[in-house]
Amino acid sequence: MASVTYEHVTKRYGDTTAVHDLNIAIEDGEFLVFVGPSGCGKTTSLRMLAGLEEVSAGSIYIGDRVVNDVPPKDRDIAMVFQSYALYPHMTVAENMAFGLKLRGLPRAEIESRVRGVAKRLGIEHLLHRKPKELSGGQRQRVAVGRAIVRNPAVFLMDEPLSNLDAKLRVQARAEISKLHMQLGTTFIYVTHDQVEAMTMGNRIAVMKDGRLQQVDTPQALYTRPANLFVAGFIGSPSMNFFSAKLREQEGTLWVDSGAFRVPIPPHQADPYRPRAGQPVIFGIRPENIHDPQYQPPGIQPARVRAKVSVAELMGHEVILHLSTTDAEGILPEQEFVARVDPRTQLRVNQWAEVVFDMDRFHLFDPQTEERLG
Ligand code: ATP
């Protein structure tokens, strides 16, 4: 087991900076997820740690050893690739044993380790098969098994579930989380899927354009996103954003979008008072907008008039697409999404009132895009 530290790590390919000045300290035994859209530098960050890419500047530590110049095989890591990279001509048992053979472990020990891991992963009955005789889910397990038998200090996983269908992905996600808890080893996992990141990571590192945006627990990223990008990336459907102005009137602070005006609860207002009179971006998540008839108790409701353009019945909830405009209809319509109680009577093409839960709003600076307050 080992900690992993990225210290001012940069990776350049010619003129492209794939990773820019990355700093993260990953604790021993932690499950850290790198997440971000395609091209954000998450795979490059992982491959530098694995020793598959050179570091252009900065240092990577495994434990307290700088590994920049240590060959991959001496880093005490095991990696599961998106493609699984199983050897097609070898059986499952041979694939799993391969790394141990290279290391010169005694045959009996290799056999007992392979059998033990195969049993743990429920693939014992597949040990004699070749990869082409396996389903996608079984291949994924073999790839994980091949990493586990090596008993490494750190596990690296690069989108290991992206070739599975949706249902299997949910199951495999839970299996990997369980495995992490059983093994207690450091896991570093790359995905573009924010749901995977939220459900699996102890902490999540959100990246964009080669830069780390925020690293924190799933709960903290959800409740206090550091900037507009993280706010929009974490959560599905995404947070709604409105251009607005902060206005102070008789001691009350209002968010005024032109189309609607909602008050900031007094106990939350103080940090924003210096911004009164200035433009802001107001953010609210779809799950914090309710049909007033079914609003949960104890929220800070603020009513907003809007027209329903689409209603999607999901069974456990209805996703409403709404648009709002000012009383005169002069302002451009602003569209937003709400996840409401499935009993809602709100119908398409109707003007309706919805409530924003003002205990759960977010404000951002329109210039810097950083969180306010
Ligand atoms: P994806 O999810 O699509 O794999 P990613 O977030 O993992 O994306 P990286 O693969 O780390 O992104 O790539 C980061 C940036 O570096 C991209 O702009 C990519 O085009 C560039 N890049 C990656 N590998 C190379 C390479 N070998 N040569 C040149 N540019 C590269």
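Helix H1, residues 42-50, gives the shell around the ligand its largest share, three residues. Keep in mind as you explore that this is a predicted model.

**Around the ligand**

Which residues surround the ligand? They are Tyr13, Ala18, Pro37, Ser38, Gly39, Cys40, Gly41, Lys42, Thr43 and Thr44. Sorted by class, this shell has four nonpolar residues, five polar ones and one charged one. Three of the residues can be looked at up close, through their distances to oxygen atoms of the ligand:

| Residue | Atom of the residue | Distance to a ligand oxygen atom |
|---|---|---|
| Cys40 | backbone N or O atom | 2.9 Å |
| Gly41 | polar backbone atom | 3.0 Å |
| Lys42 | polar side-chain atom | 2.7 Å |

How much of the ligand does the protein cover? On its own, the ligand has 630 Å² of accessible area, and the protein covers 58% of that.

**A look at helix H1**

Now let's return to the helix itself. H1 is mostly covered, with seven of its nine residues buried. Those buried residues are Lys42, Thr44, Ser45, Leu46, Met48, Leu49 and Ala50. Two of these names, Lys42 and Thr44, may look familiar, since they also belong to the residues around the ligand. If you follow the chain just past the end of H1, you meet Gly51, which takes a positive phi of about 90 degrees.

**Rings that meet**

Aromatic rings are a good next thing to find on your screen. The count comes to 17 aromatic pairs. One of them joins Tyr6 and Phe34 in an edge-to-face arrangement, with 5.9 Å from centre to centre and 90 degrees between the planes. Why does this pair tie together parts that are 28 residues apart in sequence? The reason is that Tyr6 lies in strand S1 (residues 4-13), while Phe34 lies in strand S3 (residues 31-35). Are these two residues buried or exposed? Tyr6 is buried, with a relative accessible area of 1%. Phe34 is buried too, and its relative accessible area is 0%. Both values fall under the 20% cut-off, so both residues count as buried.

Elsewhere in the chain, Phe242, Phe260, Tyr272, Phe282, Phe336, Phe356 and Phe361 come together as one aromatic cluster.

**Charges over rings**

Rings can also have a charged neighbour in this model, as two examples show. Arg261 lies over the face of Trp254, 3.9 Å from the ring centre. In the other example, the charged end of Arg285 sits over the ring of Tyr222, at 4.2 Å from its centre.

Technical notes
Residues numbered from 1 in each chain as written. Predicted model: local features only at pLDDT ≥ 70, side-chain atom pairs only at ≥ 80, totals over all residues. Heavy atoms only, no water. Near = heavy atom within 4 Å. Polar contact = N/O pair within 3.5 Å; in protein donor to acceptor, adjacent residues only side chain to side chain. Areas by Shrake-Rupley, 256 points an atom, 1.4 Å probe, with all protein chains shown as cover. Helix = DSSP H or I, 4+ residues; strand = E, 2+ residues; numbered from the N terminus. Nonpolar A, V, L, I, M, F, W, Y, C, P; charged D, E, K, R; others polar. Phe/Tyr/Trp six-rings, centres within 6.5 Å; stacked < 30°, edge-to-face > 60°. Buried < 20%, exposed > 50% of the residue type's maximum accessible area, 1.4 Å probe, protein only. Lys NZ or Arg CZ within 6 Å of the ring centre and 35° of its normal.
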